[in-house]
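User: Could you take a close look at the cis peptide bond in chain B and the loop around it? After that, walk me through the other spots in the model that you'd check alongside it.

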Amino acid sequence: MNPDVLLSAIIFLPALGALLLAFLDSRAVVQIRAIALGFTVATFVLTLMLWGQFKYAEAGMQMLVVKEWIPTWNVYYRLGVDGISLPLVILTSFVTMLAAVASWSINKQHKGYFILFLLLETGMLGVFLSLDFFLFFVFWEVMLLPMYFLIGVWGGPRREYAAIKFFLYTLIGGVLMLIAMLMFYFNSGGTTDSFNLIELAKAASGTSTTLTTTLSPNLQITAFVLLFIGFAIKLPAFPFHTWLPDAHVEAPTPISMILAGVLLKLGGYGIIRVAFPLCPYGAYYAAYALVGIGVFSIIYGAFAALAQTDFKRLVAYSSVSHMGYVLIGLGVWKIGEATGKTINPDMWLMGINGAMFQMIAHGVSSAGMFFMVGVIYDRVHHRDLNKFGGLMGRMPLYSGLAAGLFFAGLGLPGLCGFIGEIFVVLSAWNYSPTLAIIAASGVILTAGYILWAMQRVYMGTEYKGPHSEDITPINGRELTVAGVLLAFAIILGVFPGILFDMMQSSTGALVDSMQLGYEKAAATLNELQAMR
Amino acid sequence: MVGETLQKLLMTAWLLPLLGFVVEIFFGFWSKNPRHSKAAAWTAVGCIGAGFLCSLTALVMWGTASNAFDDGDAEGWMSQQADINHARHPHHEADSSEGAPPHEHEGADHDAEHHGSSEAGADHILTAVATEDDGGPKLERGQTVYSGTIYTLGVFGSLELTLDYYIDSLTLVMFTMVTLIATCIHLFAIGYMSDELTDEYVDHFAHKADGSHVHRPGRFYRFFAFLSLFCFAMLGLVLAGNIFQVFIFWELVGICSFLLIGFYTERKTASDAANKAFIMNRIGDFGFLIGLMVLWTYFGTFRFGDTMVDNEVVDQGLFSMVHRAEDGNFDRDELTGDVLITGTDGHVLTNEDGSNRQIPYYLLVVVGLGIFAGCVGKSAQFPLQTWLPDAMEGPTPVSALVHSATMVAAGVYLAGRFFPMFVQEVLLTIAYTGCITLFLAATIAMVATDIKKVLAYSTISQLGYMMLGIGVFGWAAGLFHLITHAFFKSLMFLCSGSVIHGCHHEQEMPKMGGLLKKMPITAITMLIGVIAISGLAIPGVIAFSGYHSKDAIVASALAFKNANSAHFLLFFIPLLTAGITAFYMFRLWFYTFWGAPRDQHVHDHAHESPWIMTAPLLILSVFAAFCAVGGDHGYLYLLLTGDEPAHLEAGVTAVGDGITLPAIQDIVDEHTTAGTWALVAAVSGTLIAYILYGTNFVNVEEMKRQLAGVHGFLTNKWHFDELYDALFMRPAHKVAAFCAWFDGAVFDRILHGAAKATVVVSKWDRVFDENVVDGFVNLIASATQSVGTSLKVVQTGRLRQYVMFIVLGVVALFAVMFTTFPG
């Protein structure tokens, strides 16, 4: 398919589905579900076509689409895909599709739910595919509203609280991003490329032909901090993470799957797509903080998970812990004081690849874990870890699949969680031995909270909670979702090359341009020094 | 070509169990009668049995290709080495006539001196990779390593993470041992687990809240699926050609162990034990990870050996990146003392800026200690030993396979595999860890009454011996003991399984006794195992496997003590423990099989196990007795040491006041002395056991009462569980609770505070809006209105009056203009 059409089709097909649903009778539940699922499947197929057309060897953006949108403000409709966004695009359409299957458990206001659900997908795909800062920001905010309503209307008892918390946190992040965006716009002269993420990145490394000026090194630091906080909220990293447990606990199962599977990745993607290339000097300046926050999130999240008695909250905190690895992998950029050159750039490259892999892997494993919690919640309507037990005997197939997915979260070799974590950890010693050791100690805590939770839920002589009579074996629909997720966890764990091959040109180019950017900024600073 | 064939054979042996696992775990889907069919078990047996045949073929093929065996008149290197080992002994001991050493060629022109010097030559590369045999020079001992890459996980610039294979004598012997023992245990398990072949299995050890037993469908096929998965992981660990790959399979055997310990998921004790095992292993793996990180950062590779393509090194491995000088120490930078990183030819590699590539010496210690920490966890060494006894919650075949013969020995295997990278400080740590462990576990084994627990502590103790052996530079001795121990300990575990099966799941020895007549095959095979582990022998006449291997360890320890007199405990404690070992093993045997029955009910129902269980016992007992025949010039030892690290031969000279590591000749010189002492210890232990438990001369209960303090301390396992609970578990939960509280109490409170403040501001804003802003607006409005009202008066409609106002206004304007803008 023509790339112009393909990229836009991927983004707007779900929205089209939402529009179609709006004309349907709200009582036609079966049709609504079928149409919504159909559109998510079609979107998934389109993203697979995108993968088919993707050229592995090319490092830069592919299938660029540029159309005028608001010419007076130099806002363009710019889309494109590279090795960093492609895996996330596929992950998004994949998780959304499975979440649509999981949405059968939604039992009120189906029409509204699926309309918002599809709009959410449009927003997420839009963020991953847009290359215009303004467009990126628009999609970022577009995503917010459907999510707010999905939690606030279809959520659990404290849904309003959770929804508002989620909304405000993300909105603050958005505002900080907006400030940074305007900083870039005005400091680069407000020309036609001043919202162009590719040119802004090139300007930062001094290779742009259209943008001659950009942020000074010191302003880069400010911009980076603004952007980083915005994205760290989404990631979420300590101390901006407290919206996550509440949002997860209250959100319905499929929304939790999307939240953990895709939305958290937007934070990591934002850092790697926007914050890093646009402010290479700021990124280096803050690298230690990044790694430090990552390490702290791992340990803190794991400890907090260990103390939870709510099954879903435990999984939510495990997300905080696991996303810490993403920050570490991105941040392990070490520059020799004397030479100004990166020490062992391959290690950093490995860290970035590990971080990207961790995002995808977490997307699969955490979506799976949340789904497994949802399956049992649908039956017994509680999540108290101390009131489960014996499910291995009652629901053997379900328990087996759940064990597989939880092992993926635990980072067991052969499953997806292992590769991301271990690659990041291995790359970390080069940066800071102390932080690397603390990060590595996470393996003990992770094993602790996951195995203990599994013991309380699946093992033991008998089920100890209410609604014991409602425990029925896993049904075909649930089996499909769980089976597919587990299969992907295994495939990614055994053949990580699938992802690494996809990413390596782009991540390599990122590392190179970041180094250039740092050298340019350092040269500028030296000049300033000399003038004084 | 040989390398490729070997790789294919071993990979077949490795992957077949994985295939078996996939078939078996979905057995419920393909079988019409999954709960009653033994097909899954036979699939598993078929896979591992075929694996054994592949391994054995590979072993023979490797030996033939590497010129190990005699070919007509031409002597292979095994015969030559047998002569060398034989000639090392100061005087021809009587035991040379015992067993069947491959060959006696007194006139062989390879003497020890000659061979030694060629082995330890400065240019000799540790992991010399085999050149292809066709047309090339004949391969000698130590040149028979094949390594290469199977699969690439990820490439980042110059960094490459791969799955490799590394095939040397150790790999092949381990493969054969693991597959052979696993096959026997699979067969045994078909009998042992047969009560799972039912739709309604009653678990008498799992009680519901109302006190009733758990009824559940049998899980026969699931058990064999897990066993197959374990075999896959274990063989992968042995085949691994890089340390990262070892870590991968390290974790996988760990999770298999978790699944098998927790096989009876309904029992709280089982799931607790499974968790404990996995988490304690993860503590070790944390150290392992640190070692990996340092290696990766400084060496940039995890491979053991060099990968050759057409006799060119394409990928250099770790072992050739550090070079040992003639005194056995690593080449170091003269100024900084850092260890130099070298190329395959021994020349120092350089960085991009031309400086030498090097790694600080202390980091090499960190690497060694880190990797060893992993071994401590896996091999249940002090201080991570507490999980293994609990792991006995798993079915007995699991204990035999996973928790005695193979997985727990993986730690020793890794210590042996990674030996070329260990520096003296690390070896000394290994030695002391092993020494503490072997004593600690043996003392607890003396008082344990559960038959499997005794064996479990005995396993820990024996693993300690192996570690000690490796630590005191008795590399061959430690690994030799690994193999012999695997045979006799798996035998004994299976015997205990047979007893437990025969006594209807009774594990407490005080309820047994007099079972010799009821189950003769079990009793006799067990006795063979007990003699083997105790190291009893009549030198020169007959000696079972354990005698040879334990002697070798004690001899290494004695040689080490001679070279480093401060570390005398490393010799005396193992010697003493050799006596304790004989004591507790014979105690077990007498307790179980000898004397009068202590519980008539148990005794009446006891019966010998069916052939499918006794046949493996018989097979294993033959190996337990005779696998090590000939000692250090027998087949097993020679095969095992075919590719031993080169610096063993001449030992390592101390640097400063460091540790001297004894040469092989030094160890051999002590063999007779050490062997005699060890035998004395073992015989004494046996006699004491016989007096206490085999006869009625002494009242054991009375002794127990008098030594209640010590006894209690030992039965409570030196209080390690309580200690760790207080030191780690409870603090961890406290910190966890704190983190969870912190989130709610601090972050959310700040957030809620901010939200409340916003609301207050908004309310104030409303008040301000309604009163001040609106008031002002209203004020203006009313003012305008009143002005309007008052002006209404002037709006008369009379023209003359209007003209009057205009004139007045204009005059006033002009007046203002002239006064404000003068000029």
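Analyst: **A cis bond in a loop**

P383(B) sits in the loop between α10 (361-378) and α11 (387-390) of chain B; helices here are DSSP runs of H or I with at least four residues, strands are E runs of at least two, and both are numbered from the N terminus. The bond leading into P383(B) from F382(B) is cis, with omega near 5 degrees. Most peptide bonds are trans, and most residues other than glycine have a negative phi.

Before going on, this is a predicted model, so local features need pLDDT (the predictor's confidence in each residue, from 0 to 100) of at least 70, side-chain atom pairs count only at pLDDT 80 or more, and totals for chains, interfaces and linings use all residues. Residues are numbered from 1 along each chain as its sequence is written, chains are lettered from A and ligands numbered from 1 in written order, and side-chain values use heavy atoms, with hydrogens and water left out.

Chain A has a cis bond too: F238(A) joins P239(A) with omega about 0 degrees, and P239(A) lies in the loop between α8 (217-234) and α9 (243-250) of that chain.

Now for phi. H505(B) isn't a glycine, yet its phi is positive at about 65 degrees. It belongs to the loop between α16 (475-502) and α17 (520-534) of chain B, and it's partly exposed because its relative accessible area is 29% (under 20% is buried, over 50% exposed, in between partly exposed; 1.4 Å probe, protein chains only). M63(A), in strand β1 (residues 62-70) of chain A, has a positive phi near 55 degrees; at 12% relative accessibility M63(A) counts as buried.

One more chain B loop is worth a visit. H567(B) lies between α18 (545-563) and α19 (569-593), and it counts as buried because its relative accessibility is 15%. Its side chain makes a polar contact with that of Y432(B) at 2.8 Å (N or O atoms within 3.5 Å; within protein, one able to donate a hydrogen and the other to accept it, with sequence neighbours counted only if both atoms are side-chain atoms). Leaving out residues up to four places away in sequence, H567(B) also touches others, including L428(B), F560(B) and I659(B) (contact means heavy atoms within 4.5 Å).

How far to trust chain B? Its mean pLDDT is 86, with 94% of residues at 70 or more, but residues 93-135 stay under 50. Overall, the model scores ipTM 0.93 and pTM 0.90.
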